[in-house]
Amino acid sequence: SSLDRTAKAERMFELMDGFLKNDPVSLQKDILDHVEYTVARSRFSFDDFEAYQALSHCIRDRLIERWHDTQIHFKRKDPKRVYFLSLEYLMGRSLSNSIINLGIRDQCADALSQLGFEFEVLAEQEGDAALGNGGLARLSACQMDSLATMDFPAWGYGLRYQYGLFRQVILDGFQHEQPDYWLNFGNPWEIERVHVTYPVKFYGTVEEDISNGEKYKVWIPGEMVEAVAYDNPIPGYGTRNTITLRLWAAKPSNQHDMEAYNTGDYIDAVVTRQRAETISSILYPDDRSHQGKELRLKQQYFFVSASLQDIIRRFKDGHKDLNQFPDKVALQLNDTHPALAIPEVMRILVDEERLGWNEAFDITCKIFSFTTHTVLAEALEKIPVDLLESLLPRHLQIIYDINSHFMEELKRRIGLDYNRLSRMSIVEEGAVKSIRMANLSIFCSHTVNGVSRLHSELLQTRVFKDFYEMWPEKFQCKTNGVTQRRWIVVSNPSLCALISKWLGTESWIRDIDLLMGLREYAADISLHQEWQMVRKINKMRLAEYIEATSGLKVSLDAMFDVQIKRIHEYKRQLLNIIGIIHRYDCIKNMAKDDRKKVVPRICIIGGKAAPGYEMAKKIIKLCHAVAEKINNDSDIGDLLKLVFIPDYNVSVAEMIIPGADLSQHISTAGHEASGTGCMKFLMNGCLLLATADGSTVEIIEEIGEDNMFLFGAKVHEVATLREKGSTIKVPLQFARVVRMVRDGYFGFQDYFQSLCDTVEGSNDYYLLGADFESYLEAQAAADKAFVDQKKWTQMSILSTAGSGRFSSDRTIQDYAEQTWGIEPCRCPL
Ligand code: AZC
């Protein structure tokens with residue numbers, strides 16, 4: 001009986017001696033217990049890594065308590081839930097973030113120092129969880145933090161890749177990729193759920209059956225794989241709420257070919273079984289072009305199928321009527337990667353639950369919302385029909401059915417405009433017949449959004465114009481944001497303390513709008529002094545890192561000028577490098593006296609290139625070749641240095657961003673959907689040198705054009721410039737620098753020719769030449785401002801003060817109200 005159960009639970013709780021305690025002595029005891037029983041080391045001799053492991057388990061225990069309470073609370077309250085479906089999460093490290101969100105940083109530091117360890121040193125032992133490529137994946141991680149902090153009943157779903165994003169190793173200036181087997185040393189932040197498993201089916205045939213006089217389709221699969229859940233607790237800040245990021249791993253299925261075992265080849269059968277695990281073994285490292293790979297499609301469906309089985313099981317535990325599904329469930333598609341969830345929901349509703357087609361489709365369209373993260377046409381996923389037909393035959397039929405439904409509706413509304421019909425169709429005819437996942441997602445979602453205002457407008461006026469004209473009410477904008485917990489509190493503790501001191505409260509960590517309060521003190525001399533001191537400490541940390549990784553000693557008085565992000569032609573790292581060569585050339589040709597006026601710069605570049613992206617790899621090599629020349633030129637001394645920081649990832653970003661004076665966000669206008677790096681720099685008081693692209697347009701509105709260095713063609717000018725092609729006036733200095741590279745000034749003459757080709761004449765698609773003059777002007781303005789440290793510091797304070805709108809808390813609030821229709825569900829303390 002339930003009374004018995006309550007009594008039993010109470011007795012157990014008594015035995016547990018209540019919840020774990022967070023005073024330093026209790027923490028010490030727990031850490032030592034884990035040294036002994038979990039890590040199995042002697043409590044008299046354990047090293048930093050073992051101490052990190054023990055501490056992590058001690059924190060994990062505390063996360064689990066809150067997480068249990070949260071799940072019980074959600075179950076009891078049964079609110080509408082949001083399920084965030086994303087194939088990528090860039091979580092980085094978990095220890096510091098967890099301790100801060102649990103509110104026990106100081107207690108942990110005390111406990112450790114009494115045991116003879118330093119918290120910072122242990123935190124450095126942790127490797128990054130890099131289950132994603134770039135912006136999209138880090139955004140998912142920031143949004144999970146906000147969902148937890150703001151008490152939303154949310155679940156994240158993803159894949160537990162055994163190999164995360166490759167490690168970048170630089171040899172002789174070239175990028176090499178090495179596998180990231182991140183689970184090598186165990187992962188204390190996940191909990192394996194051996195009993196939460198679902199079968200996932202592939203291949204096979206579709207047959208027809210009749211029951212109760214009605215025909216229906218049955219999918220007879222040819223292969224079966226098991227999905228096992230790994231739960232990663234995500235703690236909120238300033239709340240007991242701790243939500244779940246559930247990642248699926250593939251395991252061989254037990255039902256799998258019993259036949260083989262019976263008929264003989266035991267070894268072969270085991271080896272085949274083992275192959276099932278490859279589905280979740282590796283993250284695809286190209287962030288925007290993975291068309292037509294079977295394994296990728298398998299990953300997508302594996303992920304979608306397991307997640308939906310889990311979601312439906314949870315729904316059915318308490319609800320019978322599937323018509324209530326949309327009242328209880330919101331499914332968020334993070335880009336088109338999980339879009340197979342649409343035909344999968346239809347398949348479940350129609351084939352398994354036996355709902356009528358229209359009823360099922362009505363439910364489907366009420367639950368999905370779709371975010372797109374790009375404007376690049378090549379990033380819009382297409383799945384070859386052949387591939388889909390063999391792997392997921394029933395899904396292909398359903399997609400065709402959806403499309404004919406769609407085409408009928410379109411014809412009713414626009415008539416027989418065949419051009420338009422074929423543009424909008426979910427099925428693309430052509431050399432390779434394929435399925436347009438974006439079109440499917442738009443048609444079947446109740447809302448579609450871009451990730452900045454500019455991007456959302458471009459979706460409406462260009463990328464998805466046809467759709468916007470039909471369903472303007474579907475289109476929304478959700479400007480991205482980043483979490484201040486990780487990007488200030490964890491990564492910049494000195495700035496965090498300073499902000500709290502001047503605002504007289506720590507509440508801004510949950511209520512970011514309070515940062516605006518700093519504006520009042522933007523001209524205050526004593527704040528200036530403290531602000532500069534904090535910046536200096538962070539620059540020192542970065543300088544030490546540079547020296548450790550590259551051997552280069554850099555002066556703290558120089559301007560630290562940073563560009564860190566994936567290497568892409570549209571992001572124009574090449575413009576940065578050409579600018580650096582130009583600066584070098586100018587200094588070389590300067591009279592001794594003039595050199596005194598040069599503002600010394602440390603140019604820092606970091607980022608990975610997709611392994612198959614040749615131009616991006618050449619850009620990395622050029623950066624190294626130029627650095628080699630400049631850094632060894634005694635004539636230049638401290639006036640200019642160029643550093644490439646290898647293996648850029650989340651934890652490297654946490655160290656670089658607080659130490660940057662200036663950061664560059666210089667994509668050709670109309671190409672960066674939003675950009676989130678700029679928001680992290682802004683929060684940390686780093687000044688931006690940027691084009692009016694993506695979210696920088698909104699940053700300008702918040703801090704004013706005077707507080708940043710803006711340059712370059714605007715979106716509406718880009719098309720005209722491109723039309724002009726080779727008749728654009730390109731500054732002589734630009735041509736001169738490109739010539740230097742072509743002529744072998746930096747060596748590797750042959751290798752760089754094709755790179756130079758991309759920026760000359762009508763080839764210069766990203767308009768480096770056209771924007772060059774304006775770029776140099778912005779750089780000169782930055783130099784000028786840097787000399788006036790009072791002015792610079794004021795701009796820096798105003799940047800932080802104006803960054804509130806770019807917190808992911810704001811983004812999530814907007815999604816909750818305008819897209820998902822969910823409300824907070826706060827677990828009592
Ligand atoms: C990125 C966009 O390039 C970036 O501008 C944006 O800030 C970020 O998403 C988050 O919305 N896109 C990706 O990382 N990947 C793809 C496939 O677009």
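Domain bounds, as used in these legends, come from an automatic or database domain assignment.

**View 1. The ligand between two domains.** In this predicted model, local features need pLDDT of at least 70 and side-chain atom pairs count only at pLDDT 80 or more, while totals for chains, interfaces and linings use all residues. Residues are numbered from 1 along each chain as its sequence is written, and side-chain values use heavy atoms, with hydrogens and water left out. Because domain 1 (78-93 + 128-368) and domain 2 (484-806) both give residues to the shell around the ligand, the ligand lies between them.

**View 2. Polar contacts of the ligand.** Three residues are named here for a polar contact, which is a pair of N or O atoms within 3.5 Å. A side-chain N or O atom of His 373 is 2.6 Å from an oxygen atom of the ligand, a polar backbone atom of Ser 674 is 3.0 Å from a ligand oxygen, and for a polar side-chain atom of Tyr 570 the distance to an oxygen atom of the ligand is 3.4 Å. The protein buries 97% of the 430 Å² that the ligand exposes when taken alone (accessible areas by the Shrake-Rupley method with a 1.4 Å probe).

**View 3. The cavity that holds the ligand.** The ligand sits in the largest cavity, in the sense that more than half of its atoms lie within 2 Å of the grid points of that cavity. A cavity is a set of points, on a 1 Å grid over the protein atoms alone, where a 1.4 Å probe fits but cannot get out.

How values were computed
Polar contact = N/O pair within 3.5 Å; in protein donor to acceptor, adjacent residues only side chain to side chain. 1 Å grid on protein atoms, 1.4 Å probe; cavity = no way out; pocket = protein on both sides within 12 Å on 5 of 7 lines; lining within 4 Å.
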